[in-house]
Amino acid sequence: MKTVLITGAARGIGKEIALELAKEGYNIVLNFNKSEEQAKEVADKISKLGARVLICQADVSKPEEVKKLVGGAVSVFGKIDVLVNNAGISLYKLLIDSSDAEIQNAIQTNLNSVIFMSREVVKNMLQFGGGKIINISSKWGIVGGSGESVYSAAKSGIIGFSKALAKEVGFSGINVNVVAPGVIETDMIKNLSMQDKKELESQIALGRIGQPSDVAGVVKFLASDEASYITGQVIEVDGGWGV
Ligand code: NAP
């Protein structure tokens, strides 16, 4: 049975990815940082689907916690077949109003976490001759978002990192791809007013804001054997926003 490690899987998109892959029979390593109760509820649902689940608290912006998270997963399941770097935070602020701490935290959590996680998991994948890494970026990492320049920089960094890593580890049988969602209905967009949402929907070709399941389905495909010849790619899951 294959094992997937998903960061930030207690809520939102990560939770949906965990449930979707549990239905496929994967062993699930469910990381959370602050949402312990929600993590337990998701783990319960996963168990009821018949999959094995390991809940691991870790702040993935911290390299020492990442090492413990990956070490714990490896000690239980041995091999990590799929890594989904999903954890992220928003920073809605004009650059000139952003403090040093806010900038550092946004980069550390959204970008450096992906680098730390990938470094530790690639070591395991190299031992076992391959694997798949799927990194969750954002439409803003491609086109940039006003009022979200630091977040956009981090999400753009994920794309550059993933393309480079795909070349570095491709010969070792490791695929590295990026999913770049548009606007997805989760806590991350809870501050948008109905008016904001309506305006956004008018700019989206498919006329609706996305659901976590829209992203989870694409991640499931990239994790599957059907996607074995895809690497270094960015798949935009945005309903045709800005096309
Ligand atoms: P969300 O509902 O706010 O969930 C964010 C998740 O990230 C939570 O599970 C949270 O865990 C986790 N997280 C944050 N900081 C963490 C840390 N230091 N260590 C470990 N986990 C951490 O947001 P979402 O919409 O599902 O976002 C998931 C990913 O999609 C993010 O990378 C986000 O940037 C990206 N994305 C979202 C949208 C959107 O419109 N929703 C659009 C484009 C891209 P805890 O609650 O346990 O702390």
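## Exercises on the largest pocket and its ligand

The lining of the largest pocket divides into 20 nonpolar, 18 polar and eight charged residues. Here Ala, Val, Leu, Ile, Met, Phe, Trp, Tyr, Cys and Pro count as nonpolar, Asp, Glu, Lys and Arg as charged, and the others, Gly among them, as polar.

This is a predicted model, in which local features need pLDDT of at least 70, side-chain atom pairs count only at pLDDT 80 or more, and totals for chains, interfaces and linings use all residues. Residues are numbered from 1 along each chain as its sequence is written, and side-chain values use heavy atoms, with hydrogens and water left out.

**Exercise 1.** Find which residues come nearest to the ligand.

*Solution.* Start with the 30 residues around the ligand (each with a heavy atom within 4 Å of it). Ser35, Asp59, Asn86, Tyr151 and Thr186 come nearest.

**Exercise 2.** Work out how far the ligand's atoms are from polar atoms of Lys34, Ser35 and Asp59.

*Solution.* Step one: look at the backbone of Lys34, where a polar atom is 2.9 Å from a ligand oxygen. Step two: turn to the side chain of Ser35, with an N or O atom 2.5 Å from an oxygen of the ligand. Step three: go to Asp59, whose side chain has an N or O atom 2.7 Å from a ligand nitrogen.

**Exercise 3.** Sort the residues of the shell around the ligand into nonpolar, polar and charged.

*Solution.* Take each group in turn: the shell holds 13 nonpolar residues, then 12 polar ones, and finally five charged ones.

How values were computed:
A polar contact is a pair of N or O atoms within 3.5 Å; within protein, one must be able to donate a hydrogen and the other to accept it, and residues adjacent in sequence count only if both atoms are side-chain atoms.
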